[in-house]
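User: Please take a close look at the enclosed spaces in this model and at the elements around them. I would also like the salt bridges to be covered afterwards, with attention to how accessible their partners are.

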Amino acid sequence: MTVAQTPRKAGPYAGNGVATTFTFGFKVFTKQDIAVVRTNTNGIEATLTVDSDYSVLLNADQDANPGGTITYPILGGTTPLPIGWRLTMIGALAADQETDITNTGRYLPNIIENSLDKLTILVQQALEQLTRSVQVPVSSDTDPKELIEEIVQAGAQVVEARDQVLAIAEQFGDVQGAIDAATDQADIATAQATVATTKAALATTQAGLADAARAAAELAADAAAIVADIYPNDTEGLAATTSGQYFKTPSPGVNESLDLKRNVSGVAIYVKSFPSSEAVLRPVWMGVRNGWVDTFFRYLEIQQELNGRPRWFMLTGASPSFLSLVPNVLYPGSRALQLAANSMGVNIGGPIIYPDEIGAAAPEKVTVCAEIYADAGAVVTFAFRASDEAGNFLGAGQEEVEYLADSGSRILRKSFDLPTGAARINVFPYTVTADKRVWTAACWAYKGDVSAGPPAPSLADEQYMAQKEAEQDARIAAVESISAAPEIVVPPYIYGVQGRQANVYTDNMHVGDSSNYNHRYVSSYGQQLSECWRWTPSGTVTDGAWAVRAHDKRTGAQLVSKSSLLRAAAANAGAGQTIKVCMIGHSIIYSEVAGVQGRLGQALLDIAAADDMGLTLIGARGPTPENRHEGRGGYTIPDYTTAGRTYRQFNVSGIVEMPAINASEYGNAGTVYRIQETAAGTLSCSIQSGPDTPPSSGTLTKTSGPGDATIAFSSTSPISGNPFFLGGQVDVPQYFANQSFATPDWVPLTLDINDLFPLTSDAAVVSLAATRFNQLDTLIASVKDLGPSVRVALTLPILASHEENAFGLSDQTQYLARYKRNNVIWGRELIARYQNRHNQRIYLMPVNLSIDTINNAAYTDPQPVNSRSDVLVKRQKDSVHPGLPGYGQMADAMWSFFKFYA
């Protein structure tokens, strides 16, 4: 057999936390001839080990059906590939020659053929590696080594730009200057990425540099949003806003940069604070020596918790009244912890220090400190003891320092090794001297021995929050202060054809509600309208730049940007050709409007009739001999990839008027059957009602629809409702042979809506998509078996309506916002799974962007808005199927796609 010109690479496959099987399509001799590389979210790659990290199932015939399936992880191993991780398969055939052909004796021709195949595969393997190398143009004088140095230098400049952006948030005086500076840094980053892209063909380098540039731009946008609407004081902030609006003023705090406030009827109401850059960027424990979160006892009351943790230790049986908070004579404005006189025995207690809040863990050393003063003559003991989270003491005994009090204060400190299991350090100063009081003016701790910390506490060092929670809350406050970034899903390519209108409707890309944001389309092609971006190509376009950006409505800050590439065909593309298309799917392909099916197919035929390129539609269904398809209402991916639902097949004869598919119904023995498939001598029917217990032979009697009044049958049997399930497996080529169909050029697969419609959470969509796509691969593989020139086009799921009315009037089991999320997330997962698979004859067809869900939806006739009104309204009535104009827009998008690849 020959070796096809197949890339020796599969993937990278994006992890979703669920999928465990991944396919590759190049020929190998053994499972050792493939390498599997796992990439984490930091871009670090690891080559996995066969039979340890993953298993390989090779296709039986590597000549007719090269490749196989990788299972990762091996059953019982680690968790599935997480979201953000990738898995890539490449050829790893050893570069050796072990075939020994002697001068005498016989040998089989396939010995030579296998040797030649191996040589070809090694060449392909080398070419795959070459495509990932840095190259310069043939006529260039640039040294590749110098080119790499320039790329690295450009990347460094991007990082420098990012660091400069971080400083913008501290510049409060010049708001516009800060915004301009942020924009400049974004432009610098973009320019550096462009330089690298122009000079290098290495895809990995380009992607890495683009990510760095994008990070800088996003930071710039965030910085611009933060410094907007800042006023020097409340008076000016109130004067510039109306009741209900927000504004910011500089914060007097050390760890905060800005205070967010709201104008409530002319009064400035504090909402929250932005952290300073120092507070946000500082590691959790670096420089923190106040392991007791309220060093000078300013804030926490006795027995008060903080961030879900107890902050006070009391020995069992102790009375809380023996501790009190009084004015601090050493640190004015603070309080001191006072231990009442004669507090002995069980009256022991004090602060709790958490080692993890100062970055310490067993068996590391920790130093605990206190500044104490007492009544003269008191013998004071500064003691502490480690315990587990529940307060059970650990170790042999308490750690303590003792001194005889005089008229002054004393700083006491002691270091110790944290015992295993230590989660708390319980501090309890006390005296056994009668009638004497003890005051703790300050308490703190730090990681390390005595010399690792300061000689005395400082008010400037105070940290009033457990450090981990403080950093987390600060980050959350910074993020919540501006609008949350929306999730926008765009396909890798958007298609058009010269002279035909193409539309990208903004809301169709949003997982949520697009009306919460302002949008800007960035491209040298097309025009931005209120509801969409519109493009009528004037000629051919190959990979034109296009992007959509969402902005905060209040501040104008850019929240997210998504890009795609434009591809447009000339008006005469495909002239003289007639493409053959077989559409497989659910009711969108069946496309019935006003009792007439095949509306999508008819729209395509109407376009083709006026075009230089012809069209033949293939299928067993359809309203006319020309308008054919394989659309079946209610069908899911399992309905086409497994035995699916059960139908009843009748062997018939003598039919004069053929019944209509999915319309004509016949009865027998108390069961009503609907005609689903017609072929020479057989009728396949779905069971509408009744027991489905027909006699071995008899008569079908029509109850509705076209067809003979009665049809005699000689035998009957239950069959799979999947027309492609033949001989116990999915076999599309056999189905085509049985139907005497021609080999198609394109097979669009529209399978999604019935799978995703009932789901109730984002997680459920992601999980089911992973399962269904594994099943879909079975159908894709069988379609490709029709012939080497057959290509598969996966349509992205469409949105057909924009009103809750459509769900209330057609299906009350789902609602608009949930269904929309399901739909767009499913599309996102489909893109992640199947993008960049053209070399495997798999394409994505973005029909979802093209439908006007407001004006081209299915509507009711005008009717009174309610029973007490004469006002007439039209309401959207179908949650998943567009109106006739919507099907027309789908056809426009599909035709543009076909023309580009003609």
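Analyst: What follows starts with the cavities, moves to the sheet and the helix beside them, and ends with the salt bridges and one glycine.

The model is predicted, and local features are described only where pLDDT is at least 70. Rolling a probe the size of a water molecule over the atoms shows where empty space is left. In this structure the count comes to six cavities of 30 Å³ or more. The largest cavity holds about 170 Å³ of space, and the second largest holds about 80 Å³.

Around the largest cavity there are 16 lining residues, and those that lie nearest its centre are Tyr-495, Asn-503, Pro-846, Ser-850 and Ala-893. Three elements give two or more residues to this lining, namely strand 22 (493-497), strand 23 and helix 16 (884-900). Of these, helix 16 gives the most, with five residues. Sorted by class, the lining of the largest cavity has 10 nonpolar, five polar and one charged residues.

The second largest cavity is lined by residues that include Val-489, Asn-508, Met-509, Leu-796 and Pro-797, together with Asn-823, Val-824, Gly-827, Arg-828 and Ile-831, and also Asn-848 and Leu-849. By class, this lining divides into seven nonpolar, four polar and one charged residues.

Strand 23, which contributes to the lining of the largest cavity, also belongs to a sheet. Strands of a sheet pair through backbone hydrogen bonds, either parallel or antiparallel. Here three strands form an open sheet in the order 23-26-25, and the pairing is antiparallel. Strand 23 (502-505) and strand 25 (527-528) are the edge strands, each of them pairing on one side only. Between strand 23 and strand 26 (residues 532-535) there are four bridges, and these two strands run antiparallel. One residue pair can be named here, since Ala-502 has Trp-535 in strand 26 as its bridge partner, and a pair of strands is accepted when DSSP finds at least two bridges between them.

Helix 15 covers residues 816-834, and its 19 residues should span 27 Å at 1.5 Å a residue, which agrees with the 27 Å that separates its end C-alpha atoms. Of the 19 residues of helix 15, 15 are buried, so the helix is largely enclosed by the rest of the structure. After helix 15 comes Asn-836, whose phi is positive, near 60°.

Turning to charged contacts, the structure holds 28 salt bridges. One of them brings together the side chains of Asp-356 and Arg-309, with a distance of 2.8 Å from N to O. This pair links distant parts of the chain that are 47 residues apart, because Asp-356 sits in the loop between strand 14 (349-353) and strand 15 (365-374), while Arg-309 sits in the loop between helix 6 (277-281) and strand 11 (312-314). The two partners fall into separate accessibility classes, since buried means under 20% relative accessible area: Asp-356, at 26% relative accessibility, counts as partly exposed, whereas Arg-309, at 16%, counts as buried.

A second salt bridge joins Asp-417 to Lys-365, and their closest N and O atoms are 2.9 Å apart. This pair, too, links distant parts of the chain, with Asp-417 in strand 18 (residues 409-417) and Lys-365 in strand 15, 52 residues apart. Asp-417 is partly exposed, with a relative accessible area of 46%, and Lys-365 is also partly exposed, with a relative accessible area of 33%.

In a further salt bridge, Arg-645 meets Asp-639, with the closest N and O atoms 2.7 Å apart. Arg-645 is partly exposed at a relative accessible area of 31%, whereas Asp-639 counts as buried at 9% relative accessibility. Elsewhere, salt bridges that share partners join Arg-309, Arg-311, Asp-356 and Glu-357 into one network.

Finally, Gly-91 has its place in strand 7 (residues 86-91). At 7% relative accessibility Gly-91 counts as buried. The C-alpha atoms of Gly-91 and Val-28 are separated by 7.9 Å, although the two residues are 63 residues apart along the chain.

How values were computed
Residues are numbered from 1 along each chain as its sequence is written. Side-chain values use heavy atoms; hydrogens and water are left out. A salt bridge is a side-chain nitrogen of Lys or Arg within 4 Å of a carboxyl oxygen of Asp or Glu. Buried means under 20% relative accessible area, exposed over 50%, partly exposed in between (1.4 Å probe, protein chains only). The expected span of a helix is 1.5 Å times one less than its number of residues. On a 1 Å grid over the protein atoms alone, a cavity is a set of points where a 1.4 Å probe fits but cannot get out, and a pocket is an open set with protein on both sides within 12 Å along at least five of seven lines; lining residues have an atom within 4 Å of a point. Grid points are joined across faces, edges and corners, and a volume is the space filled by probe spheres set on the points. Ala, Val, Leu, Ile, Met, Phe, Trp, Tyr, Cys and Pro count as nonpolar, Asp, Glu, Lys and Arg as charged, and the others, Gly among them, as polar.
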